[in-house]
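Me: I'm new to this structure and don't want the whole tour at once. Pick one part, take a close look at it, and then show me how it sits in its surroundings.

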Amino acid sequence: MKRFFGFVKKEFMHIFRDVRTLIILFGIPAAQILIFGYAVRTDIKNAGIAVLDQSKDEISTGLVSRLESSEFFILKENLVSGDHIDRAFKKGDIKAVLIFENGFGKRLLSEGSARIEIIADGSEPNVANLVTSYTRAIINDYMTDLNKVEAGSFIAVEPEVKMYYNPNLESQYMFVPGVMTIILVLICALMTSVAITREKEFGTMEVLLVSPLKPLQIILGKVTPYFILSLIDVIVVLFLSWLVFDIPIKGSLVLLMLESMLYIMLGLSLGIMISTLSKTMQQAIFISLLGLMLPTIILSGFIFPVEYMPWIYRVLSPVIPPRWFIIIVKDIMIKGTGFTFVWKETLILIFMTLVFIIISTMTFKKRLE
Amino acid sequence: MINEKVIEVKDLVKKFGSFVANDNLTFDVYRGEIFGFLGANGAGKTTTLRILSGLSKPTSGDVRVAGFDIYRHAERVKRHIGYMCQKFSLYEDLTVAENIMLYGGIYGLPKKLIEGKTTELLESMDFTAYRKRIIGDLPLGMRQKLAFAVAILHDPDIVFLDEPTGGVDPITRRQFWEMIYKASADGITVFVTTHYMDEAEYCDRVSIMSEGRIVDIDSPAGLKDKYRCATVQDVFVKIARPSNNKTG
């Protein structure tokens with residue numbers, strides 16, 4: 001056991017002496033969380049709007065205050081004339097302008113319909129889309145309420161769309177599982193496969209194999225530091241997403257950590273398998289990056305829903321371990337479900353881990369003989 | 001103690017598919033001997049060395065190393081041998097002392113003992129100033145000498161050296177061989193493969209391999225006598241030539 005710990009200590013020394021390794025281990029996870037968190041936003045919060053109310057009646061002011069009281073919009077400016085719209089946009093703090101036509105309220109009551117113009121800032125197409133659809137939803141909502149009070153007038157009610165688990169369609173909720181999944185598989189498989197092939201390339205592996213250390217001890221010794229550091233990564237990712245983006249963990253943290261440990265072990269055994277198959281570090285990097293990163297991003301359902309992909313992708317997707325881990329993390333973190341809902345995915349991950357370990361041992365033994 | 005066999009090889013065969021890398025090798029190596037294992041590239045000497053050091057399993061044959069059967073007591077064999085290969089075998093990102101501590105620890109030596117040995121070893125090599133230097137910063141010759149010192153740190157019965165002086169300058173090679181002599185004088189058997197025929201002259205006995213077979217084993221003087229050559233190099237050229245010239 002003492003021999004083993006000495007060996008693990010040496011592996012930690014390798015990691016902490018190499019700045020690049022440290023960056024990959026801790027810099028990339030943090031950066032990914034922040035980049036995805038800020039850049040890939042599909043929700044809006046406190047978007048600035050301006051209103052040009054040419055009617056100023058009960059209904060229009062009511063609607064404006066309804067918009068304002070939602071957490072999505074902040075009323076930045078009350079415009080007095082259409083000439084000011086351009087200037088308001090150019091200031092840059094508003095995303096849309098709402099224009100109520102003259103006699104808006106009166107017309108609505110007498111004719112059953114009236115015009116609201118929504119002008120959005122098209123230079124940010126995504127945001128513009130979101131702002132207009134959110135505004136429409138709030139207007140519809142408001143009209144429905146009006147219908148209840150003002151009997152006799154009729155305004156068509158659109159079907160109500162409700163989002164479960166992520167009522168505000170907050171995108172951060174969805175990216176955390178994805179980022180975790182990608183980072184873990186990358187760090188575990190890439191780093192371990194490189195660490196092991198490095199020993200092969202430098203000739204130290206032979207010296208270790210000649211020594212009284214058993215092959216299993218060597219592999220475990222190489223892998224243990226990465227297990228610990230990956231677990232720290234999970235904590236960093238969860239903590240950052242909670243601290244910066246207010247993303248809570250609805251389900252059991254213990255269960256989430258246990259599942260993460262399983263997934264880390266899967267990544268590590270994948271890394272070991274890659275290292276038994278490759279002779280050089282370059283090969284290992286090549287296989288890990290090309291073989292893991294792209295499929296993880298594309299086929300795991302992280303960015304693109306698998307259901308809408310061509311059949312070949314749909315067939316391949318279940319073979320990709322991240323596909324199952326994403327489901328587990330989403331279920332536990334966002335839906336707050338327990339083990340009874342993710343046991344199937346867990347079993348699949350365990351099965352895959354075993355397969356990787358068996359393949360690794362087989363190729364390893366074959367090499368010895 | 002003289003003529004005590006530390007390596008006994010009988011009818012050793014190693015096949016890779018249909019290719020026979022080692023064809024019925026039989027030889028013994030005695031305690032404290034410097035045994036040179038010569039052969040052209042591809043003659044099969046690395047294969048034998050890997051089998052003797054436990055990195056590879058023979059296809060058939062009896063092999064005993066340090067008194068233990070390599071099939072049944074592979075783990076015990078490992079405790080009694082040291083190994084150093086041409087590819088560098090110390091960790092470049094660790095310091096000299098850390099490397100020694102690591103390998104000593106792997107062989108189960110107590111920390112105190114390793115520290116004592118480190119000081120002793122660095123003093124004898126005049127390397128005391130380099131104790132805390134990263135291996136990667138040291139010149140190749142120095143590293144190879146350290147690697148050898150580390151390979152015999154745990155006082156093995158046998159140390160296997162696979163082309164240990166490849167790419168090393170002549171002066172360092174001479175110093176390296178002085179270390180080998182000292183180890184041999186201390187009772188460590190040295191099993192060394194090499195391409196340098198002047199090094200073969202330093203060995204107590206040499207074996208010359210060709211195409212998977214041992215062509216002859218004798219002392220350098222005996223071989224020169226037998227084949228009427230001035231140097232081992234000439235002997236080597238005379239008898240180690242493959243029977244048919246392969247192209248490419």
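Reply: Let's start at B:Glu163, which counts as partly exposed because 19 C-beta neighbours lie inside 10 Å. (The cut-offs: buried means 20 or more other C-beta atoms within 10 Å of a residue's own, exposed means 12 or fewer, and partly exposed is anything in between, with C-beta atoms placed from the backbone.) Before going on, keep in mind that this is a predicted model, where local features need pLDDT of at least 70 and side-chain atom pairs count only at pLDDT 80 or more, while totals for chains, interfaces and linings use all residues. Residues are numbered from 1 along each chain as its sequence is written, and chains are lettered from A and ligands numbered from 1 in the order in which they are written.

What's odd about B:Glu163 is its phi. The angle is near 45 degrees, a positive value in a residue other than glycine. Most residues other than glycine have a negative phi. B:Glu163 sits in the loop between β7 and α6 (170-185) of chain B. (Helices, H or I with at least four residues, and strands, E with at least two, are DSSP runs numbered from the N terminus.) Chain A has a similar case to look up: A:Lys56, also not a glycine, has a positive phi of about 50 degrees. A:Lys56 is in the loop between β1 (47-53) and α3 (58-69) of chain A, and with 13 other C-beta atoms within 10 Å it is partly exposed.

Now back to β7 and the sheet. In chain B, 6 strands form an open sheet, in the order β6-β7-β8-β3-β9-β10, with mixed pairing. (Two strands pair if DSSP finds at least two bridges between them.) At the edges are β6 (81-84) and β10 (213-218) of chain B; each has a single partner strand, so one side of each is left without a neighbour in the sheet. From one strand to the next the twist averages 15 degrees. (Axes are lines fitted to C-alpha atoms, for helices over the stretch in contact, and angles run from 0 to 180 degrees between N-to-C directions.)

Further along the order, β3 (residues 34-39) of chain B pairs with β9(B) in the parallel sense, over 5 bridges. One of the partners to find there is B:Val206 in β9(B), bridged to B:Gly36. Helices lie against this sheet too. Helix α5 (residues 140-151) of chain B lies across β6 and β7 (158-162) of chain B, running at about 165 degrees to β6(B). Helix α8 (residues 220-227) of chain B packs on the sheet as well, touching β9 and β10 of chain B, and its direction makes about 105 degrees with that of β10(B).

Next, the inside. The largest nonpolar core has 72 residues, and B:Val159, B:Val190 and B:Phe191 have the most contacts inside it. (A nonpolar core is a set of buried Ala, Val, Leu, Ile, Met, Phe, Trp, Tyr and Cys residues joined through C-beta atoms within 7 Å.) Leaving out residues up to four places away in sequence, B:Val190 touches several residues, including B:Ile34, B:Phe35, B:Val159 and B:Leu161. (Two residues are in contact if their C-beta atoms, placed from the backbone, lie within 7 Å.) Apart from that core lies another, of 52 residues, with A:Leu25 and A:Trp324 among them.

Over in strand β9 (residues 205-210) of chain B you'll find B:Ile208, which is buried because 25 other C-beta atoms lie within 10 Å. Beyond its neighbours within four places in sequence, B:Ile208 contacts residues including B:Leu38, B:Gly39, B:Val215 and B:Phe236.

Outside that order, strands β1 (residues 5-16) and β2 (residues 19-30) of chain B run antiparallel and are joined by 8 bridges. B:Lys5 stands opposite B:Tyr30 in β2(B). Their hairpin has 2 residues between the strands, and there B:Gly17 takes a positive phi near 65 degrees.

Stepping back, chain B has 9 helices and 10 strands, and 44% of its 248 residues count as buried. Its C-alpha atoms fill a box of roughly 50 × 40 × 40 Å, taken along the principal axes.
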